[in-house]
Amino acid sequence: MERITARNLTNEELFYGHKACGGCGESLAVRLAMKILGERTFASLPAGCMSAVSFIYPNMAFRTNAIITPFASTGAVAAGVAAGLQALGIKDTYSVGFAGDGGTADIGLQALSGAIDRGDQIIYFCNDNEAYMNTGIQKSGLTPFGTKTTTSPAGANLPGSTTMKKNMFEIVAAHDIAYAATASVGYLEDYMMKVEKAKSVKGTSYIHVLAPCPTGWGTTSEITISLAKEAVDCGLWYLAEYEDGEFKLNKNPKEFTPVENYVKKQGRFKHLKDAEIKQLEAARDKKWEKMRRNWVK
Amino acid sequence: MARRFVSGNDAVAEGVRLARPHVISAYPITPQTIVVERLSEFVEDGSLQSIYMHVESEHSALAAAMGVSSVGARAFTATSSQGLLYMAENLPYASGARMPIVMMNANRALATPWNIYGDQMDSMFMLNSGWIQVYVEDAQEALDMMIQAYKIAEDPKVLTPFMVNLDGFVLTHTYEVVDIPTQEEVDAFLPPINLSENIMSMEAPKSLCITAGNNYNMEFKIKQNEEMIESISVIEQVDAAFEKQFGRGYNGLLETVDCEDADVILVTTGSITGTARMVQKTLRAEGKKVGLLKLRYLRPFPTKALTEALKNAKVVGVVDKNISFGYEGTIFTNVNSALMQEGASQKVDNFICGLGGRDVTKENIHEMYEKMLVHLETSADVNDANVASKPQDRIHYMNVRCAL
């Protein structure tokens, strides 16, 4: 597979003119995915930032076919699109879902599970900005421990969100999915390579991409990419794949950058005390110990 | 054509097979289950060339059908009761996007108390969902309506999803002899789906199910309403064309029996009509001027045809297998509104019956007619306070064990 880089990436835009915030990581993930998938793509997007900013009558941001789905239904609608295209004999197309973290790990989990179980020919993207940003920054199942959101306030009694991120990647892999990967908009070549790979997978693919949200994370818009990179470098996120029934860690840093540096850049974590940062590190270490033991050949 | 002894559910499955949907998204629920079982068998034995999707819920059943329809393919799904309510948010979604999906609904009670038997509480919930709703009387009509449904829904002037309602158990599980047309006959009547507007295609890529704010939203809804009302003429044309080709039709949106000179008319939907036909016939033979009106479609609502058919009656009775709690039967509300719009002055009774599968017997229907005939004698002046002193007096619960 030829590496996709800034050099050989197409200049053609299939997703532009939307109304996303400056520095939006999610819209970058969608834009690049669309460049790689091409114009024979049918995109299904549930309620969320990406549907809210790109289908406002009469201004449509997708140059390809695209549809807003009910919130819970990304997997089901994308599967229906794929089935309809197959039945009509319309070939060489991609039926793709672009859902957020809440749309994937919470309300859309059942429909996603159904699609993977059937082995439907779809590529499902979880664009993870770690909260319900479209409704104004509420906690989702993928909001990390210690995150201040508008429904998980940080105060004298609570550190913000009290639960760790739901383990979507392994939940998806446990279905014995054809292909699953994690990615970050901080490592775009890795992400684009995974999108390229999903194109030729027979069955369901799932790509979970971490995408910072300046509005929800309390950061300036120019650090989106570096922050997404740092999330991986400090070990709170990871780059991995699940293929042919095997897990593979794509990036295994010898040493992590300090979690403290990562969280202190973000308004959503400003309140964190040292003990809480230690809790994040402990969870990270436990996870990495397991990944290094099982996912590194 | 073949004549076979089949259940209502089997008849639906046969009708769906003949309509050749591209994709069936299926989830089981009593008493609809036999439909999706039969369809899976047809796909297995090759007599139906459809993609069969085992979805994980009713919510996804309709969502998947929406995906299928969004690219211009023909979709079918079926549900009942809690399943219909579980997929509820997708109903206005599909109708707003003008997707001609056809869905069979086995009318069944809603929890709680839990009950798997028939009433109309489920589909009444969905009257405002933007779907065409037809209620069929027997297995033959069920089969025929699966074929008519696609023809009506896919008409470029209509483009509206279509719900075919069968009474749970009383119709879904009752066996009757049914004429099953040949594939050639049905193909001649129902051409392959051909949607060029409102779909995602490689020739003309589109964004569907878009956002329209307060500056545009209302116009979309008004257009949807106007076109649903206008679908009345398409429904009538399709039924007439069906009758011409297959030798049996259903008289459009409603059917009347001896209504022209009737003093009292009972309005029914679904399988109760069959029982009511016998009672009406007996009473006529006794010289009583009674009529029967089978209301087939609740959406679009046949206001004109209904009020025209009821215009000579002095007392009208409306049978409801549902209650809108805190008010009355829903069909009663709709019939009253239609009569009011036409300035009619009949006394209207509401007969609420059959909830949770409670029997509605010939005796019960006889009793309905008797009540109406009594009101006929006392209804010289409908505004007389003695006739209907309280609104509740117009509601009659039939065949109940509690004292009222």
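Two strands pair if DSSP finds at least two bridges between them. Helices (H or I, at least four residues) and strands (E, at least two) are DSSP runs, numbered from the N terminus.

The model is predicted: local features need pLDDT of at least 70, side-chain atom pairs count only at pLDDT 80 or more, and totals for chains, interfaces and linings use all residues. Residues are numbered from 1 along each chain as its sequence is written, and chains are lettered from A and ligands numbered from 1 in the order in which they are written.

**Exercise 1. Find the strand pairing that crosses from chain A to chain B, and place it in the sheet.**

Step 1. Start at β4(A). It is joined to strand β9 (residues 207-208) of chain B by 2 bridges, and the two run parallel.

Step 2. Pick a residue. Ile67(A) has Leu208(B) as its bridge partner in β9(B).

Step 3. Read the whole sheet. It is open, has 9 strands and mixed pairing, and its order is β10(A)-β9(A)-β7(A)-β8(A)-β6(A)-β5(A)-β1(A)-β4(A)-β9(B).

Step 4. Name the edges. β10 (246-249) of chain A and β9 of chain B each pair on one side only.

**Exercise 2. Describe strand β1 (residues 41-45) of chain A and its neighbours.**

Step 1. Check burial (buried: 20 or more other C-beta atoms within 10 Å of the residue's own, C-beta atoms being placed from the backbone). In β1(A), 5 of 5 residues are buried.

Step 2. Sort the directions. In a regular strand the side chains alternate between the two faces of the sheet. Thr41(A), Ala43(A) and Leu45(A) point one way, and Phe42(A) and Ser44(A) the other.

Step 3. Find the partners. β1(A) runs parallel to β5 (residues 94-100) of chain A, with 4 bridges. With β4(A) it also pairs in the parallel sense, over 4 bridges.

Step 4. Follow Phe42(A). This residue stands opposite Ser95(A) in β5(A) and opposite Asn65(A) in β4(A).

**Exercise 3. Describe the side of chain A that touches chain B.**

Step 1. Count contacts (C-beta atoms, placed from the backbone, within 7 Å). 35 residues of chain A meet 35 residues of chain B.

Step 2. List the elements. β2 (55-56), β4 (65-68), α3 (74-88) and α5 (109-118) of chain A each supply at least two residues. α3(A) gives the most, with 12 residues.

Step 3. Sort by type (nonpolar: Ala, Val, Leu, Ile, Met, Phe, Trp, Tyr, Cys and Pro; charged: Asp, Glu, Lys and Arg; polar: the others, Gly among them). This side of chain A holds 22 nonpolar, 10 polar and 3 charged residues.

Technical notes:
Two residues are in contact if their C-beta atoms, placed from the backbone, lie within 7 Å. A residue is buried if 20 or more other C-beta atoms lie within 10 Å of its own, exposed if 12 or fewer, and partly exposed in between; C-beta atoms are placed from the backbone.
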